Amino acid sequence: MLLRFWPQSLFGRLLAASVAAVLLAQAVALVLIAQERERFVLQGSVREWTRRISETTLMLAPLSAEQRVAALAQQSESSPAMHPPHMAHLPGGAHPGHPPKRGFLRLPLLSDFENTLHEQLRAALGPDYGIEIGPTREPAPAAVALAPPFYEAHELALHPGSAQRYDVTVRFPDGDAVTYRLARMPGGAPLPRNLFINLILLVLLLVIVLYVAARNITRPLSELAHAADSFGRDTRAVPQLPERGARELRDAARAFNTMQDRLHRYLDSRTRVLAAMSHDLKTPLTRLRLQVETLENPPMQARIGRELDEMESMVREALALFRGLDDGEPASALDVDSLLAQIRDEFGDMGETVTITGHALRPVTAKPQALKRCLTNLIANAVKFGTRADIHIEDGADLVIRVRDRGPGIPEEELERVFEPFYRLESSRNRDSGGTGLGLSIARDIAQAHGGSLQLSNLPGGGLEATLRLPRRR
């Protein structure tokens with residue numbers, strides 16, 4: 001369930017993971033600070049209460065029972081340490097009715113207060129004194145009230161109603177006993193609010209630094225992905241990537257730039273070779289056609305003429321396939337409805353039936369001549385092998401153009417093989433029916449160069465459907 005909210009981009013995941021690690025580290029640090037402060041406060045408070053209880057107890061030990069009562073009464077009148085907690089003076093001039101404006105926040109940590117106080121009192125008084133420690137019972141018996149130490153007094157001033165009272169009963173060797181009452185905050189580490197403010201500021205600073213670091217890492221990767229996608233559409237339109245960032249990112253950008261240079265050199269070399277092939281092939285074909293026209297055998301002349309026409313068509317289609325889209329044609333906003341209407345009229349002039357349903361909602365960015373050739377090849381196949389072409393346009397996140405015919409269709413195992421160059425079926429789609437086996441291959445190359453796709457599928461009621469999908473660029 002939580003994975004649904006996990007970022008999908010590399011930048012988002014790096015930032016989210018880094019922020020989570022920082023927050024976890026700060027939480028652990030806060031707990032450790034609270035534990036240490038709790039230990040410090042506990043030890044300080046217990047030490048102070050142990051000192052007061054042990055000094056008072058040792059002072060009362062030599063006295064008789066009557067003298068002890070009188071001494072306690074006299075000391076309670078003269079010493080603020082013996083006043084009850086609700087009457088004791090609080091540090092910093094604060095009073096229970098007017099708590100200080102600044103205070104502490106607490107984390108609920110467990111501390112063994114009773115055992116710690118018992119151990120220190122046992123060490124201070126010795127084994128001859130009995131010690132009992134426990135929460136104050138209701139109704140509270142008479143006891144000697146001890147003022148809280150500094151940290152406990154500060155907390156009690158902020159939260160006077162949340163104090164937890166304990167009675168410490170010390171039994172003298174002669175059997176007499178005295179009870180001391182002390183008040184403390186229930187288990188918790190008093191932490192200054194400024195500590196939380198400082199931690200929040202530190203987290204914000206780290207998040208800003210991590211944001212900048214993650215962006216510096218992912219921006220070159222985004223540029224590389226964009227350049228690779230653009231390179232697949234137009235090999236001449238992609239500039240050299242800047243080699244910046246971490247060493248691995250610089251190596252990736254350098255490798256991409258090197259690949260571009262090598263591919264450009266290969267394409268330039270291939271273009272020169274194809275230009276030479278075009279000239280060298282067309283010249284002997286022209287001579288052969290002139291020689292055929294001198295033949296006095298009309299049937300032979302017609303048969304050789306058809307073979308020469310097919311050879312010229314194959315040469316022309318092969319050169320177009322090898323050349324691909326490396327023709328320098330720029331992409332522009334293209335009205336697909338007008339383009340399809342123009343193609344429909346051209347086929348209508350040749351006596352073919354082409355229908356169009358649906359329309360594009362807005363222009364698409366494409367190379368006009370290349371896209372026209374792709375659609376012309378698909379429609380030509382439909383009217384040639386399926387008697388007519390029915391075009392359906394769907395527009396949304398992608399522009400989808402479906403070209404359907406009413407022919408015999410293609411066996412399922414052959415649906416992908418027909419995109420291979422020079423591949424032709426042995427049934428109705430063979431050499432005698434015309435074509436070179438390059439039309440679908442060229443159409444798919446054009447679709448992929450536009451970032452789209454071209455798929456073939458058989459219709460349930462018979463016929464073949466070619467689906468051209470062109471993505472809408474944002």
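**Cores, a patch and two labels**

In this predicted model, the largest nonpolar core has 42 residues, and Ile 379, Val 403, Leu 456 and Leu 468 touch the most other members. Several elements each give at least two residues to this core, including helix H8 (336–349), strand S10 (388–395) and strand S13 (464–471). Helix H9 supplies the largest share, eight residues. Another core lies apart from it, with 23 residues, among them Trp 49, Leu 121, Val 178 and Tyr 180.

Me: Why is Leu 201 called exposed?

Reply: Its relative accessible area is 51%. Exposed means over 50%, so Leu 201 gets that label.

Me: Okay, and where is Leu 201?

Reply: Leu 201 sits in helix H5, which covers residues 193–233.

Me: What makes the nonpolar surface patch with Leu 201 in it?

Reply: Ile 197, Ile 200, Leu 201 and Leu 204 make that patch, at about 400 Å². A patch residue needs over 30% relative accessible area; Leu 201, with 51%, is therefore past that cut-off.

Me: Why does Ala 71 count as buried?

Reply: Buried means under 20% relative accessible area. Ala 71 comes out at 18%, so buried is the right word. You'll find Ala 71 in helix H2, residues 65–78.

Me: Which residues is Ala 71 in contact with, leaving aside neighbours within four places in sequence?

Reply: Those are Leu 60 and Leu 63.

Me: What about Met 59: how far apart are Ala 71 and Met 59 in space?

Reply: They are 9.3 Å apart, C-alpha to C-alpha, and 12 residues apart in sequence.

How values were computed:
Residues numbered from 1 in each chain as written. Predicted model: local features only at pLDDT ≥ 70, side-chain atom pairs only at ≥ 80, totals over all residues. Heavy atoms only, no water. Patch = residues over 30% accessible without salt bridge, like charges linked within 9 Å, V, L, I, M, F, W, Y side chains within 5 Å. Areas by Shrake-Rupley, 256 points an atom, 1.4 Å probe, with all protein chains shown as cover. Salt bridge = Lys/Arg side-chain N within 4 Å of Asp/Glu carboxyl O. Helix = DSSP H or I, 4+ residues; strand = E, 2+ residues; numbered from the N terminus. Buried < 20%, exposed > 50% of the residue type's maximum accessible area, 1.4 Å probe, protein only. Core = buried A, V, L, I, M, F, W, Y, C linked by side-chain atoms within 4.5 Å. Contact = heavy atoms within 4.5 Å.
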